[in-house]
Amino acid sequence: MNLTFLGTGGVQAAPLFGCDCRACERARQQPRYARHATSALIDTGRERILLDAGLPDLHQRFQPGELSRILLTHFHMDHVAGLFSLRWGRGAPIPVWAPPDEKGCDDLFKHPGLLAFRPALTPFVAHSFGSLQVTALPLQHSRLTYGYLFDWHGTRLAWLCDTCGLPPDTADFLQGQPLDQLVIDCNDAPRAAVGNHNDVTRALDIVARLAPRQAWLVHLSHEMDNWLLDNGLPENVSVPFDGQQIAVGLRDAVTV
């Protein structure tokens, strides 16, 4: 199974409009450091699953029939914006799974187009998409939000974004699941106040508790990228770039 980070940034990711901080200037001069809305593509060979849909050019990135299904973590605009153009396309319906948030986002439920919204996955119960087992995990955010645990022939990857800390039930469930890979929300540099996203202190605390072989920090703000310019991370924690791919199913992830 391959996971491609299509985007790794939050809504204040570098380069931020009007900002001349070091991270934003670097992102303007070196495009590899620019971050777009956090999302990923999971490819098992038979399944191609889009995980979140905040990128506005999804209707240009993918061809009809190329996506098996879409999984949404929640209905904030930076995680669903690309659906507004994609839905008016032509071709076979694309199944979409999301948390049971009745408000959704704007008129997506009223005018879904080719988006075929399905009943929400039951938290903590594995659902099969071919040989891939997917388990929804409640998170802590300003809207009803799910993370997901992906089990590919016994290799486990947890995607936990957006969240600030973890609900006790989710933490307990994951502590009983040996994790090969963990993708975790890390929007902010260290801060004292509790918000809607992890700061690096909270993110690294979750990494330490869940003890994955490898962890990846996503949903980064330009302030978090500024912090990383002067600070290091534990050996098993990395920050991916947009477009980076990891091969999940080996003892250690192979990056491309």
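# Turns, sheet and pocket: the labels and their cut-offs

Reader: Which phi does glycine 130 take in the hairpin of E7 and E8?
Author: A positive one, near 65°. The hairpin has 2 residues between its strands. The model is predicted, so local features need pLDDT of at least 70 and side-chain atom pairs pLDDT 80 or more, while totals for chains, interfaces and linings use all residues. Numbering starts from 1 along each chain as its sequence is written, and side-chain values use heavy atoms, leaving out hydrogens and water.

Reader: What makes a run a helix or a strand?
Author: DSSP runs do: H or I over at least four residues for a helix, E over at least two for a strand, numbered from the N terminus.

Reader: How do you know that E7 and E8 pair, and in which sense do they run?
Author: Pairing needs at least two bridges found by DSSP between two strands. E7 and E8 are joined by 3 bridges and run antiparallel. The count meets the cut-off, so they pair. Phenylalanine 129 stands opposite leucine 132 in E8.

Reader: How are strands of a sheet held in pairs?
Author: Through backbone hydrogen bonds, either parallel or antiparallel.

Reader: In what order do the 7 strands of the open sheet lie?
Author: E7-E8-E9-E10-E11-E12-E13, with mixed pairing.

Reader: What makes E7 and E13 edge strands?
Author: Strand E7 (127–129) and strand E13 (237–238) each pair on one side only.

Reader: In which sense do E11 and E12 pair, and over how many bridges?
Author: Parallel, over 5 bridges between residues 181–185 and 214–218. Isoleucine 184 stands opposite leucine 217 in E12. By contrast, E8 and E9 pair in the antiparallel sense, over 7 bridges. There, proline 138 stands opposite tyrosine 146 in E9.

Reader: Which strands does helix H6 touch?
Author: Helix H6 (residues 200–210) packs on the sheet against E10, E11, E12 and E13. Contact here means heavy atoms within 4.5 Å. The direction of H6 makes about 155° with that of E11. Such angles run from 0 to 180 degrees between N-to-C directions, on axes fitted to C-alpha atoms, for helices over the stretch in contact.

Reader: Why is histidine 222 counted as buried or exposed?
Author: Relative accessible area decides: under 20% is buried, over 50% exposed, in between partly exposed (1.4 Å probe, protein chains only). Histidine 222 has 9%, so it counts as buried. Histidine 222 is found in helix H7 (residues 222–228). Beyond neighbours within four places in sequence, its contacts include Gln12, Ala14, Cys19 and Cys24.

Reader: Why is proline 31 called buried or exposed?
Author: The value is 62%, so proline 31 is exposed. Its place is the loop between helix H1 (22–29) and strand E2 (39–43). Alanine 14 lies 17 residues away from proline 31 in sequence and 10.0 Å away in space, C-alpha to C-alpha.

Reader: What kind of peptide bond joins alanine 14 and proline 15?
Author: A cis bond, with omega about 0°. Proline 15 lies in the loop between strand E1 (2–7) and H1. Cysteine 161 and aspartate 162 are also joined by a cis bond, with omega about 5°. Aspartate 162 has its place in the loop between E10 and H5.

Reader: What is notable about phi of aspartate 106?
Author: Phi is near 55°, a positive value in a residue other than glycine. Aspartate 106 lies in the loop between E5 and strand E6 (115–117). At 66% relative accessibility, aspartate 106 counts as exposed.

Reader: How accessible is phenylalanine 124?
Author: At 28%, phenylalanine 124 is partly exposed. Phi of phenylalanine 124 is positive too, near 70°.

Reader: What makes a set of points a pocket?
Author: On a 1 Å grid over the protein atoms alone, a 1.4 Å probe must fit, and the set must be open, with protein on both sides within 12 Å along at least five of seven lines. The largest pocket holds about 260 Å³. That volume is the space filled by probe spheres set on the points, which are joined across faces, edges and corners.

Reader: Which residues are closest to the centre of the largest pocket?
Author: Gln63, Pro64, Gly65, Leu86 and Ile94, out of 18 lining residues. A lining residue has an atom within 4 Å of a point. Helix H4 (83–86) and strand E5 (94–97) each give two or more residues to the lining.
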